[in-house]
Structures are given as structure tokens and as C-alpha cells.
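Here is a short tour of one protein model, written for someone at the bench. Keep the 3D view open as you read along.

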Amino acid sequence: MGMATQGGKKENRATALFCPMHRLETLYHTLEFPRVLNDLAGRAHCPASAKRLLNLKPLNGLDAVQQSLDQISEIRTFMDSGGTVPMVRFDDIRDALRIAEVEESRLEPAAFVKIHNLLVLAGHLDKFFRQHQDDLPMASALGAALIPCPAVVKAIEKAIDVQAVVVRDTASTKLAAVRREKARAQEQVRRQLESLISALAKKGVLQERFITERSGRWVIPVKETHRHLVPGILHDRSASGATAFVEPLQTLELNNRIRRLEAEERDEVEKVLRILTGEVRTALGDLNQDLDTLISLDCLIAKALCSQALHAHAPALNDKGLLRIKNGRHPVLIFKQTPTTHVVPLTLSLGEDGVCTLVVTGPNAGGKTVALKTIGVLALMAACGLHIPADADSEVPVFKHIFAHVGDAQSIENDLSTFSAHLSDLKQIVQLATAGDLVLVDEIGTGTDPQEGAALAMAVLEELTTRGVMTVVTTHHGTLKAFAHETPAIANGSMAFDRKTLAPTYKFRADLPGSSYALEIAERMGLSDGLVARAKALLGPETIHLEELAQHLSAEIDRYRELKSTLDVQNKIVERLRETYEKDTARLKSEQKRLRQQAARQAKAIVDEANAAVEKAIRTIREQGASKQAICESKAIIEKQRAALEAETQDLQK
């Protein structure tokens with residue numbers, strides 16, 4: 001959901017996931033899923049991988065979806081932590097392998113280069129996954145199927161120059177000898193022709209001084225008017241006819257020898273390629289397995305790269321029909337996003353407390369259709385085992401089928417009006433949808449008398465809700481707002497609208513019906529006050545009152561949410577202050593305890609020192625012959641002082 005519409009002509013065919021292929025394709029188009037697949041395919045390193053991604057289909061069952069999500073999460077986590085999987089471009093070699101299957105067939109050097117590069121990549125990835133088995137256990141299990149085939153790699157490198165894409169001279173002893181002999185013969189021809197050119201140039205016979213080739217023979221350019229002066233074979237003339245390309249008789253035998261050597265070279269190259277093709281033939285099973293494994297790994301890496309680019313996450317899955325989207329965005333809007341635009345995320349819940357149907361209202365161009373498509377594409381991405389561009393705590397059911405009717409296209413081919421086409425799709429949905437399915441209908445009940453259209457919409461919603469089908473519809477019918485409010489298992493929702501600026505905010509509001517703001521927008525766009533007033537009069541006081549009540553309620557809820565937001569901020573500040581106070585109090589108590597313990601230790605030291613002094617004084621008194629009574633009195637006084645000091649020390653220790 002966002003500030004831009006989803007682009008392109010709306011489709012209106014009701015479609016389902018596991019219905020015939022043409023319906024699935026229409027569903028994809030309706031939800032603009034091909035744009036997602038195109039982006040995904042663009043991240044692949046092989047045309048075969050890209051093709052597989054472009055043909056991505058929903059997976060069969062919750063376990064398969066969960067496994068796919070987990071595999072993507074593993075690679076994504078590795079990449080987010082700075083890791084890189086060494087996947088590079090590789091070619092689809094299936095055509096070459098089909099040729100190699102045939103006995104006595106041979107592949108061209110370019111095909112061997114593709115096979116070589118694929119096997120080298122398989123070897124690098126095999127080593128990589130062995131080294132990162134702890135970080136990438138699932139991807140490593142997939143990569144364990146790679147078979148590098150070093151013998152085939154060595155055979156190709158011996159016979160083919162993979163940079164120049166030609167057969168090496170060293171591919172065979174005979175080929176090396178033939179090419180050396182051919183090179184010597186060519187050098188002899190060149191020297192003879194250069195000598196002849198020097199002599200003929202002095203006579204003015206040549207058109208230009210160079211050696212060239214015609215029909216595989218070495219020739220010189222002679223003026224047509226002087227051709228009779230150069231005995232030899234005419235091979236070609238220039239476009240103007242002024243130049244004749246002549247093979248002199250002096251080099252005729254050498255040229256014949258070169259042609260014979262070229263034939264021998266071709267025969268030997270053919271032999272080398274056939275032998276090398278035989279080497280590939282013995283490893284066909286391994287090569288096919290490597291190709292399939294690399295394509296699977298490539299697709300997995302592309303999905304992780306796409307997840308990273310979209311800031312996507314793996315949703316929690318469930319089979320209980322609980323849909324919780326938190327800050328979800330349609331990928332197409334993310335692709336379109338620029339530094340000056342902002343995608344407003346969608347947050348909604350459905351399936352809790354028995355509510356499985358949502359009626360979304362609000363003004364035109366307010367984001368209702370975008371919200372509908374966002375729900376559909378996120379559900380579809382999850383069904384295909386892809387991360388979704390939403391917060392990590394989002395939750396999505398694995399739907400058995402998805403039905404989407406979005407738009408109001410008339411069918412000229414089938415001679416259907418807008419309403420007839422709409423009704424045809426509703427008929428299919430009612431016939432096919434069951435519990436565990438998702439139904440998305442844009443502008444339900446449109447294209448006919450509003451009262452009858454609304455009544456039909458209510459009947460359809462009642463039926464789908466009774467079946468337990470998760471259903472999300474958009475509408476302008478005011479009666480559907482009251483119907484949703486009064487009917488169990490059906491809830492209202494709306495797209496917020498700024499009444500002051502009459503501009504959409506693209507924010508979804510749960511449990512609150514929205515106004516169309518048609519008269520306010522008409523007034524803002526300059527329709528006369530008289531016409532607007534007359535429209536209000538024709539609309540009737542009850543309808544006007546209901547709209548005003550809805551708008552007032554919307555404004556009050558917005559004000560409440562602003563107050564709640566402010567209160568939340570203040571609560572956070574208070575909570576931080578409370579935490580600071582508690583930390584400071586704990587610190588002060590700890591410091592107080594430390595100081596008390598320190599004072600107690602000091603007091604004990606004083607007591608110990610005083611005791612020692614007292615004992616010494618008593619010994620001195622005894623030694624000096626003091627009376628027994630004086631000693632007792634002195635000792636009593638000392639004991640009293642010591643007891644008081646010890647009591648004070650104990651208080652400090654508490």
C-alpha cells in the first residue's frame with residue numbers, strides 16, 4: 001500500500017491457486033506478481049534458473065513452504081553477516097548434453113568451455129559448502145549433490161583453450177605436427193608473395209601492396225588492366241572491377257599444400273572433439289546432476305538476494321486461518337520507490353476472535369485496492385515459499401486457494417457488462433471457495449442499483465463467512481458498513497483520510513468504517529455551493545447525519561490515537577526515570593552498606609586497640625600494688641565503655 005496506485009489495467013477474472021493454469025496466470029497478473037518474479041529472475045546467474053523463477057508456483061503444504069522459508073533465511077542471515085556465496089554466471093548445458101548422448105557425436109569447443117566452467121563452479125561451491133557446513137547446513141546439504149568431475153575438467157583443459165575457445169595445438173601429437181607444417185608453408189607463401197609484390201610494384205602492376213586471401217587461397221591485388229602481366233589464377237574482382245585478385249603460379253603448389261594440411265588439421269580436430277565428447281558422455285549423469293543442483297542453489301541465492309533488497313522477512317506460518325500483517329508493503333511499490341516518495345505500510349489482523357471477513361471502506365484513490373493487492377501478493381509470496389516485505393513478527397496462513405476479483409473490466413468478447421462480469425466472478429467464488437481459502441473482491445456489488453448491489457454483496461459475504469472463508473472486500477456501499485458492524489465474524493476497516501486537506505493518508509484503520517468524502521471533495525474541487533447543498537438535501541438528513549457521525553468518530557479516534565501516542569512517549573519517559581531512580585537508589589544503598597562496613601571495621605580496630613590498652617593498664621596497676629577495690633572499680637568503668645563501643649559497632653554493621 002502506498003502513495004502510488006499499482007499501475008496497469010485492472011483485471012477482473014476470479015482466479016485460484018490450484019485451478020487450471022490460465023486462472024493461475026490471471027491471478028498472478030491481477031496481483032502484479034509477474035513484476036516480483038521478473039525482479040527475482042533478474043538476480044539469477046543462469047538463464048535456466050531465471051526461467052525456473054519466472055515459473056514459480058505455490059508449494060504443496062505448510063511443511064514445504066516452511067522448508068523454503070528456512071533455506072532462504074539461512075542464506076540471508078549469512079549474507080547479512082557479511083558472507084558471500086561464490087555463485088557466478090554459468091550456462092544451461094542441456095542442449096550440449098543431449099548432443100553428447102548420441103554415439104559418435106561431437107561437441108564444438110564453445111560447448112566444452114561451458115561444461116568446463118560449470119564443473120569449475122561446481123568444484124568451488126563444493127569446497128565452499130564443506131568449509132561453511134556449520135553456518136549453512138541446509139544449503140550445504142543441497143550442495144552435497146555436486147560432483148566436480150576433475151577428470152573431465154582436466155581432459156577439457158588439455159584439449160581446449162577455454163579463453164580463446166579453440167582446440168589447442170597440444171590436443172594431439174599429430175595435430176601439433178600438422179599445424180607446425182602448415183605454419184611453415186604459410187610463411188613460405190608469404191615470403192614468395194612479398195618478393196613478387198616488390199618486383200611488380202616497380203612495374204606499376206599492383207593496385208595496392210598487400211597480401212590477402214580469397215576462397216582460402218593467398219592472392220595479390222593486381223590492376224585489371226595489367227592482369228595479363230601476372231600469370232596465375234583469378235579468384236575475385238573488386239566491386240568496381242578495377243582490381244583483380246590473382247593467385248600467382250609461383251605459389252600455386254604451396255597454396256595447394258596448405259589446403260591439404262588444413263584438411264588434415266580439420267580431420268584431426270574432428271577426431272579430438274569426438275574423443276573429448278566421449279569423455280563427456282561417460283559423465284552425463286554427473287553433469288546433469290550438477291546442472292540441476294547449481295540451478296537449485298542459484299534460485300535459492302536469488303530468493304535471498306530479493307529478500308535482502310526488499311527488506312523482507314520469513315512470516316510465521318499457521319494452518320489456523322490467522323493473518324497478521326505488520327508493516328507490509330507491495331513489492332511493486334518498493335520497486336517504484338524513489339528518495340522523494342514513501343511507501344505507507346499496511347498493518348492489519350484477521351482471523352482472531354472468530355472474525356474472518358473484513359469490509360474496507362474509504363474514498364476513491366485512498367488505497368483500498370492497493371491494500372487488497374498487498375494482502376493478496378503477500379499471501380501468494382508466502383505460498384510460493386518466499387520471504388514477504390513485512391516485519392518479522394507477521395503471520396500468514398498457507399491458503400489452499402486464493403481468489404482475486406480486482407477491477408471493473410467489461411468483457412467485449414463475451415458480451416458482458418461490467419456488472420455481468422462482476423457477477424460471473426462472484427458466482428465462481430461462491431461455487432469454489434471453502435474454509436482455508438482467501439477471497440479478495442474489489443468494489444463488491446458494484447455496477448448495478450446500489451441497494452440491490454449491496455443486498456447481493458451482503459448475501460455473498462454471509463455465505464462465505466458461514467463457510468469460514470477468509471474474505472476481504474472493498475466497497476462504497478454505506479449499508480455494508482452497518483452490516484459489517486452488526487454481523488458476527490465480519491469487521492469494518494477503512495483507509496484514513498485527512499479531512500482538513502482532503503488528501504488520502506493510505507493508512508489502514510481497523511474496526512472503523514470510512515467515509516467516501518464525495519461531497520467534501522466535490523466542494524473542494526469547485527463545484528458550486530448550491531449544487532453541493534442540493535446534493536446534501538437529496539441525500540437526506542439521516543444519511544448526512546450518519547456520514548457526519550462516522551467522520552466525527554474518525555476524528556475522535558485519530559485524536560485518541562494522537563493522545564495515546566503522546567501518552568506512550570510520556571510513559572516511556574516515566575519508565576526511564578523510574579529505572580534511573582531504582583538504579584540510583586540501589587547504588588546509594590550499596591554505597592551506604594559499604595561505608596557502614598568500612599566504619600565497622602575501623603570501630604572494631606579501635607575496640608581491639610582499646611582492649612589491649614586496658615589489659616596493659618591492669619597489668620601495670622597490679623604490678624604497682626594498687627588496691628583490689630580500685631582495680632575492680634577501674635575495670636568496671638572500662639567494661640562499661642567497651643560494651644557501649646561494641647554496641648555502636650554492631651549498629652554500624654547492620
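## A parallel pair inside the sheet

Let's begin with one residue pair: Val360 has Gly493, in β15, as its bridge partner. This is a predicted model, and the pair belongs to a set of five bridges through which β10 and β15 run parallel to each other.

On its other pairing, β15 meets β16 in the antiparallel sense, again over five bridges. There you can find Asp498 opposite Ala503 in β16. How much of β15 is buried? Eight of its nine residues are, so the strand is mostly covered (buried here means under 20% relative accessible area).

## The whole sheet

Now zoom out. The sheet is open and has six strands, ordered β12-β13-β14-β10-β15-β16, with mixed pairing. Which strands stand at the edges? They are β12 (402-405) and β16 (503-510); each has a single partner strand, so one side of each lacks a neighbour in the sheet. From one strand to the next, the twist averages 15 degrees.

At the β12 edge, the partner is β13 (residues 438-441), and the two strands run parallel, joined by four bridges. Look for His405, which stands opposite Val441 in β13.

## Helices on the sheet

Helix α13 (residues 368-383) packs on the sheet and touches β10 (357-361), β12, β13, β14 (470-474) and β15 (490-498). The direction of α13 makes about 155 degrees with that of β13.

A further helix to pick out is α16 (residues 478-486), which lies across β10 and β15. Relative to β15, helix α16 runs at about 130 degrees.

## Cysteines without a bond

If you are wondering about disulfides, the structure holds zero of them. As a reminder, a disulfide is a covalent bond between the sulfur atoms of two cysteines.

Why is Cys46 not bonded to Cys299? The closest cysteine sulfur to that of Cys46 is the one in Cys299, and at 8.8 Å it is too far away for a bond; the cut-off for a disulfide is sulfur atoms within 2.5 Å. Seen from the other side, Cys299 is in no disulfide either, and its nearest cysteine sulfur is that of Cys46, 8.8 Å away.

Are these two cysteines buried or exposed? Cys46 has 3% relative accessibility, so it counts as buried. Cys299, at 5% relative accessibility, counts as buried too.

Definitions and conventions
Residues numbered from 1 in each chain as written. Predicted model: local features only at pLDDT ≥ 70, side-chain atom pairs only at ≥ 80, totals over all residues. Heavy atoms only, no water. Pairing = 2+ DSSP bridges. Axes fitted to C-alpha atoms, helices over the stretch in contact; angles between N-to-C directions. Contact = heavy atoms within 4.5 Å. Buried < 20%, exposed > 50% of the residue type's maximum accessible area, 1.4 Å probe, protein only.
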